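Biologist: Could you take me through the ligand site of this one, close up? I'd like to hear what surrounds the ligand and which atoms meet it.

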Amino acid sequence: MSHYDNIGLKYNAIKSTPWGRPELFNFKKHIQPFLSKPQINVLDLGCGTGFYTELLADWGAATVTAVDVSTAMLAGAKARIRNSRYASMVELFQGDGLKPTVYGPKPQSYDLIAGVWFLNYAKDFKELICMFSTIRKNLKQGGVFVGVCMHPAEDVYNFIVHRNSKLWAMTGLEDIYHDRLPGDAGFVFKAVFHPPKAVKFGQTIEFEAYHLKKSLYEAAAWLAGLQGKLEWQHCEFPDNLQGELGVDFDAIFS
Ligand SMILES: C[S@@+](CC[C@H](N)C(=O)[O-])C[C@H]1O[C@@H](n2cnc3c(N)ncnc32)[C@H](O)[C@@H]1O
């Protein structure tokens, strides 16, 4: 059983926190250019309740195959997709990204793979290689993986001590870093989300994940056999969003 089985549909409230808006803005900005060609088949790893699965279809994918390890999260995705205009374009599977598996009709079927908060469930270098192997087994030659993960820091401890956790709390998200991982690989953290009061049935949601150091992501991708350019993109906080949400994201990161 996955610890996400205790979260299920409650997870949706996270997207209503101020933090959800820049996440959506930045993910869309970086993935949409790869959806501009016709017939793009997408694999969404760690799809959760299907928030981005549906949007990937809306942004132009020809098909979306979505995979998650948790029964409850997948049930949430099924409910969302069943009621969506994209139901006929989407397939959902239960699967563990740590066990490299082919999800398409043959190996390397997908032009584009998305992993929004997927890689941060690898607790060490070995598991990170397994996740990137899942990506390699499913990604076409010349295809692209776009992931969202924790801030790329080589010295994760230094990142933790210098971030402004008081300002962070204004986004509705607290990251509580606790145990250091063996071999100086990074840290375990607890993410605690406080949905805005206006959200119906919104309640505090907690889960644990891993913040591994930047070079481990890079080395694991190469070792799993991914080729080509690896780019870390800056998270952008547009002025209108800062004003609307009343959160000074620039100050958080300064
Ligand atoms: C933070 S949620 C993100 C969900 C979705 N991508 C989104 O942004 O709304 C992380 C998801 O990854 C899934 N997950 C964690 N470990 C996984 C694994 N080894 N294989 C597949 N899914 C996994 C969890 O069940 C959960 O649904």
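**Around the ligand**

Modeller: Sure. In this predicted model, 19 residues surround the ligand, and the closest are Gly46, Asp68, Asp96, Gly97 and Val116. Sort that shell by character and you get 11 nonpolar residues, five polar ones and three charged ones.

Let's go through some of the polar contacts. Start with glycine 46, which uses its backbone: one of its N or O atoms there lies 2.8 Å from a nitrogen atom of the ligand. Aspartate 68 comes in with its side chain instead, where an N or O atom is 2.6 Å from an oxygen atom of the ligand. Then there's aspartate 96, with a side-chain N or O atom 2.8 Å from a ligand nitrogen. As for how covered the ligand is, it exposes 600 Å² when taken alone, and the protein buries 96% of that. The space it takes up is the second largest pocket.

While you have the structure open, have a look at the salt bridges too. Searching the whole structure turns up eight of them. One joins the side chains of aspartate 111 and lysine 140, at 2.9 Å from N to O. Aspartate 111 belongs to strand β4 (residues 110–116) and lysine 140 to strand β5 (residues 139–148), so this pair ties together parts that sit 29 residues apart in sequence.

Terms used
Residues numbered from 1 in each chain as written. Predicted model: local features only at pLDDT ≥ 70, side-chain atom pairs only at ≥ 80, totals over all residues. Heavy atoms only, no water. Near = heavy atom within 4 Å. Polar contact = N/O pair within 3.5 Å; in protein donor to acceptor, adjacent residues only side chain to side chain. Areas by Shrake-Rupley, 256 points an atom, 1.4 Å probe, with all protein chains shown as cover. 1 Å grid on protein atoms, 1.4 Å probe; cavity = no way out; pocket = protein on both sides within 12 Å on 5 of 7 lines; lining within 4 Å. Sits in = over half its atoms within 2 Å of the grid points. Nonpolar A, V, L, I, M, F, W, Y, C, P; charged D, E, K, R; others polar. Salt bridge = Lys/Arg side-chain N within 4 Å of Asp/Glu carboxyl O. Helix = DSSP H or I, 4+ residues; strand = E, 2+ residues; numbered from the N terminus.
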